[in-house]
Amino acid sequence: MAAPIAATKGLDPCWLVEKPPDDFICQVCMNVLQQPTSGCPEGHSFCKECYVKTLQNTSTSKSCPSCRFPTQEGKLVRCRPLENLVGMLQTRCANAVLDTSELPAPAKRAKTEEHEKMTAAQLRKKLVQEHGLKIAPGATRKEDFLALLKQHHASGCGWVGAISGLSSHLAADCMLETVPCSNAGCSATLQRRDLENHGMYCDFRQVPCRFSCGATLALVSRTSHESKCMKATGFFCSGTTSTHGGGCKLTGTREEMIKHQETCPEVKVKCGSPGCTTTCKRSAMRAHMEEACETHVEAAKEVVGTYQKEVEGLRKKNAEQKKKIMELSATLATRNFTISSHNAAINRISNQLEQARDEGFGGSDDESESDY
């Protein structure tokens, strides 16, 4: 199928209802003029993009492609009257089915090749979820699915109107125009007529949380959301025991269970005494604390003793570090003194050399004067 009208290239004449006058055809691209532009006294017009590219071509002279009148890009003039006349030409929709075997169809061929690479299961899913076609339960042949797809795409758009209205028709009205799915994150592109059916199956369609928390999110994200949703239901208190159905029998939302388990007497908690690893029900913790009082005291003593040993070890390391710092400070002071002494000696020797040099120059002058 030939390409529809574009921003810089005119419409292929084969889409027009009637053959257009030759003056309405660009002699560079051979399509209907798009933004007719002239640059010579004869008024020869070409598509603006075609004219600019011709002038920018270094292998040709900067002149009108028809009469060779010298011109340049800055002198080109847009022909509004001619553009209005071209815009009134009657054309078919770019998604129409034309009665010609010579019509190029690169996009159609690419789509066919894409379908042929798909498996039978993928084709079946596409027919049902994107195009809303009903498939017999026992149908499994890939060839049958490809034939159904071809038949589905065989119908063309019957719109006919002015060239000036083609772009708006394709952008908003044509049911056979290929458009992207409007759901954020979905990369599917399909005909506008299939959008509604696709929306019923799209993994990125907006759905509410099933636990009525008020959140609305993409279907692909719902499982992750509900695994953390505080309104999720069906949660049991962790104090519930399966044996003979004992323990706490309360159920509720995730939020309710989190709050309930902070005070539930049947929930197992860990003893807070230092060194004690006992875990028991919250209701039994007071009795445990009373029974294990002496044990807790002994365990606390051991913990305190361990902490004291750690503190003592840290103090020892601290003293060693201070000693090393003092030794390094002393070494640094010695080296600074040595450097100062060497600098003083260097300065003294430099002064002596400078003095000797001055005296030597003075002595040579006296000797030269005595010779005369």
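In these exercises, a residue is called buried when its relative accessible area is under 20% and exposed when it is over 50%, with partly exposed in between. The structure you will work with is a predicted model.

**Exercise 1. Two sides of a helix**

Work out which residues of helix α6 are buried, and which exposed residues sit on the face turned away from them.

*Solution.* Start with the buried residues: in α6, which spans residues 166-173, they are L166, H169 and L170. Next, look at how they are spread around the axis: they cover an arc of only 95 degrees, so they lie on the same side of α6. Now turn to the face pointing away from that buried side, where you will find the exposed residues A171 and A172. Finally, see what covers the buried residues of α6: the cover includes β4 (90-92) and β5 (160-162).

**Exercise 2. Strand order and edges**

Find the order of the strands in the open sheet of 3 strands, and explain why β2 and β3 each have one side without a neighbour in the sheet.

*Solution.* Begin with the order, which is β2-β1-β3, with antiparallel pairing. The strands β2 (45-47) and β3 (77-78) stand at the edges and have a single partner strand each, so one side of each lacks a neighbour in the sheet. Then zoom in on one pairing: β1 (residues 36-38) and β2 are joined in the antiparallel sense over 3 bridges. As a check on the structure, pick P36 and look for its bridge partner in β2, which is C47. To finish, add the helix: α1 (residues 48-56) lies across β1 and β2, and runs at about 95 degrees to β2.

**Exercise 3. An aromatic pair**

Count the aromatic pairs in the whole structure and describe what you find.

*Solution.* The search gives 1 aromatic pair. Its members are F46 and Y51, with 5.3 Å centre to centre and 85 degrees between the planes. Planes over 60 degrees apart count as edge-to-face, and that is the arrangement of F46 and Y51. Last, check accessibility: both F46 and Y51 are buried.

**Exercise 4. Cysteines without a bond**

Decide how many disulfides there are, and explain why C213 is not in one.

*Solution.* First recall the cut-off: the two cysteine sulfur atoms must be within 2.5 Å. By this rule the count is 0 disulfides. For C213, the closest cysteine sulfur is in C209, 3.7 Å away, which is too far for a bond. C229 is in no disulfide either, as the nearest cysteine sulfur, again that of C209, is 3.8 Å away. Now compare their surroundings: C213 is partly exposed, at 32% relative accessibility, whereas C229 is buried, with a relative accessible area of 4%.

Key. Residues numbered from 1 in each chain as written. Predicted model: local features only at pLDDT ≥ 70, side-chain atom pairs only at ≥ 80, totals over all residues. Heavy atoms only, no water. Pairing = 2+ DSSP bridges. Helix = DSSP H or I, 4+ residues; strand = E, 2+ residues; numbered from the N terminus. Contact = heavy atoms within 4.5 Å. Axes fitted to C-alpha atoms, helices over the stretch in contact; angles between N-to-C directions. Phe/Tyr/Trp six-rings, centres within 6.5 Å; stacked < 30°, edge-to-face > 60°. Buried < 20%, exposed > 50% of the residue type's maximum accessible area, 1.4 Å probe, protein only. Arc of directions from axis to C-beta.
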